[in-house]
Amino acid sequence: MGHGSSKSPPEVEEESHSSRPKQKLHIHGHHHHLRRIFRRSHRNGSGSGTSCLKLVTAEDFAGIALLSIISAEMKFKDKWLACVSIGEQTFRTEISDQTEKPVWNSEKKLLLEKNGPHVARISVFETNRISKNNLIGYCEIDLLEFLSRDSDSDVEVFELFDPSSGIVVGKISVSCSVEDPIETEKRFARRILSIVDYNGDGQLSFSEFSDLIKAFGNQVAAKKKEELFKAADKNGDGVVSMDELADLLAIQQEKEPLITCCPVCGEILEVSDRLSTVVHLSLCFDEGTGNQIMTGGFLTDKQASYGWMFKLSEWAHFSTYDVGLNFGSSASHILVFDRRTKRLVEELIDGKIVMSMRAIYQSKIGLQLIDKGAKELLISISEKQGRKMNSAESANDIPKFVEFFKDQINLVELKYPLESFKTFNEFFIRELKPGARPIAFMERDDIAVCAADSRLMAFENIEDSLRLWIKGQKFSIQGLLGKEICSTNFVDGSLVIFRLAPQDYHRFHLPVSGIIEQFVNVPGNLYTVNPIAVNSEYCNVFTENKRVVSIISTAEFGKVAFVAIGATMVGSITFLKKEGDSVKKGDEFGYFSFGGSTVICVFEKGAIQIDEDLLVNSARSLETLVSVGMKLGIATRKQSGIDLPNLENCVLED
């Protein structure tokens, strides 16, 4: 997977493409020139081809950053590679020589948006294994902050942290500069000019200009090449210079674009709803002319880090989006979107477990076996495993567990040190330090928050959830909640699924403020809650599993159903509140014992407007990685005849 460019050095520019960020980074305005580059649209859209291509408006455009991974200092000798992940794209360097001071000098151009992904994660792997490289250290860099800082140098040294302990394991030198939009136009014009500048004099004769117009593939423009040449040759010297060509491209982009098809990625460049032709082609041409050394085409750093035994076929279905689990029944990897960093990450699951789950939950034969006694066996195994995880010997498993999930468990957040846990289950239901999970808009009871550290799916109605995620043939809200507490409003309401994986903090919190009306225990099975089972057509995980349904009565959202669902290896669900308690959003509500599990919140019809980013990801069958206390949505009802405040200008920092 992944494509790279040759290792030829970057071409020498007549002008520097980078400059000091405070002058060039378009965070606060300068929209006049950008309107020459961008065509405005109010519709969502995405491009294919190169990974950077998607709809962006002039107001959101911050610049094109050139990120370079220069070198590192590690604590031992090895062969090293580094990966850069930002948004839904990942790039990797070449593998270094055997050394403790690897040098890469690898670079990549990135499109930056003020409201888009701008936190880059740089991961460094040792590569002495044939099929699996080992993550040694990482750092996260907010590129907008990096580019806006006061410094005379584009280069900065960052500490690399061990993913689990937070201990510094090395240092990495990174440079980042930003390209001005005007220079982007000139840089692109210079590049395409060089393609047909046969005599190398830096300008185009009419013959060379004609060949260039033909290469653009625009038949209408080809018929008007004399007219276009005359329009471009402003000084009448019989040739078109680089500046004249840049001006022509900018003017024509507003009137009648010359380039209708990208010659690099093949994408049709629409008149509207696409990234600027200039920016698009500038990035594409960099990818295809040897200007970029870093290899692209990956979605996560783990995927990019695989050794030569990496199986391309396992990732082939991710090469075209949707990236979520529309194909989850056959996928060996689960991708989720990290809401904090706006980056795709891969969920770690043991390969043998994945195969067994697929064998059981994605076939009629597997489910028939479950019907013939395996349900009782799952319960028996879960109870036995629960007793084992409460034994003193189980504490020996904690270090191995932490090592396996070392980049997904932050030990710094733990309320108590690792050695204080006397059993594995004590560690599993670990508490976090006060303030580790800040609650968004704490004083606003009309804003709901996320109930768990989890992978979230959100749907405005049950039909959306059945179409995009829950494939069980008999799933229903009535089946989930039970007839005695299910109302019509719940049946037509919104559904939010919080899926906890084994590595997660397993205490769940209240998403809303109100009064606990009742708890209802529903006996059932202990199927896994992994998407492989949820996406199965042959079973109904959520309506057949053991669960506890609680109803929270609120002033802002009406009644909210909170369903805690047991799963394989989850021996118990413990609640820390009781009926009649008055509760505040963000309060700790309870915890799951050993195993992964799920919380489902059902809101009454029309009670909540779920955050747009969560709905957009869910519509792609892509789970969003969230933390307790992150904003979930806002109440849509009016209270006491007073409209809710406008949240458009509110910014949530998570």
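The following dialogue introduces the reading of a predicted model, from its overall make-up to single residues.

Q: How many helices and strands does the secondary structure of the protein comprise?

A: A first reading of a model takes stock of its elements. In this predicted model, the protein has 20 helices and 27 strands.

Q: What share of the residues counts as buried, and what supplies the exposed area?

A: Of the 654 residues, 55% count as buried. The protein exposes about 28400 Å², and carbon and sulfur atoms supply 52% of that area.

Q: Among contacts between residues at least 6 apart in sequence, what percentage joins residues at least 24 apart?

A: Contacts may be sorted by separation along the chain. Of the contacts in this protein between residues at least 6 apart in sequence, 73% join residues at least 24 apart.

Q: Which strands pair with strand S19?

A: Pairing is read from the bridges between strands. Strand S18 (residues 514-522) pairs with S19 in the antiparallel sense over seven bridges, and valine 520 has valine 549 of S19 as its bridge partner. S19 is also joined to strand S20 (residues 559-565) by seven bridges, again running antiparallel. There, valine 548 has alanine 564 of S20 as its bridge partner.

Q: Is strand S19 mostly covered or mostly uncovered, and what lies between S19 and S20 in their hairpin?

A: S19 spans residues 547-553 and is mostly covered, with six of its seven residues buried. Five residues lie between the strands of the hairpin of S19 and S20, where glycine 558 takes a positive phi near 75°.

Q: What is the strand order in the open sheet that contains S14?

A: A sheet is described by its order and its edges. This open sheet of three strands has the order S14-S27-S25 with antiparallel pairing. Its edge strands are S14 (447-449) and S25 (608-610), each of which pairs on one side only. Neighbouring strands of the sheet are turned by 30° against each other on average, direction ignored. S25 pairs with strand S27 (residues 631-635) in the antiparallel sense over three bridges, and isoleucine 610 has glycine 633 of S27 as its bridge partner.

Q: Which helix packs on this sheet?

A: Helix H20 (residues 612-619) packs on the sheet and touches S25 and S27. The direction of H20 makes about 65° with that of S25.

Q: Where is serine 597 found, and why does it count as buried?

A: Serine 597 is found in strand S24 (residues 597-603). Serine 597 counts as buried because its relative accessible area is 0%, and the cut-off for buried is under 20%. An unreviewed UniProt entry carries the annotation "modified residue: Pyruvic acid (Ser)", which covers Ser597.

Notes. Residues are numbered from 1 along each chain as its sequence is written. This is a predicted model: local features need pLDDT of at least 70, side-chain atom pairs count only at pLDDT 80 or more; totals for chains, interfaces and linings use all residues. Side-chain values use heavy atoms; hydrogens and water are left out. Buried means under 20% relative accessible area, exposed over 50%, partly exposed in between (1.4 Å probe, protein chains only). Helices (H or I, at least four residues) and strands (E, at least two) are DSSP runs, numbered from the N terminus. Two strands pair if DSSP finds at least two bridges between them. UniProt positions are given in the numbering used here, feature names are shortened, and annotations may be inferred rather than shown by experiment. Contact means heavy atoms within 4.5 Å. Accessible areas come from the Shrake-Rupley method with a 1.4 Å probe; for residues, only the protein chains shown count as cover. Axes are lines fitted to C-alpha atoms, for helices over the stretch in contact, and angles run from 0 to 180 degrees between N-to-C directions.
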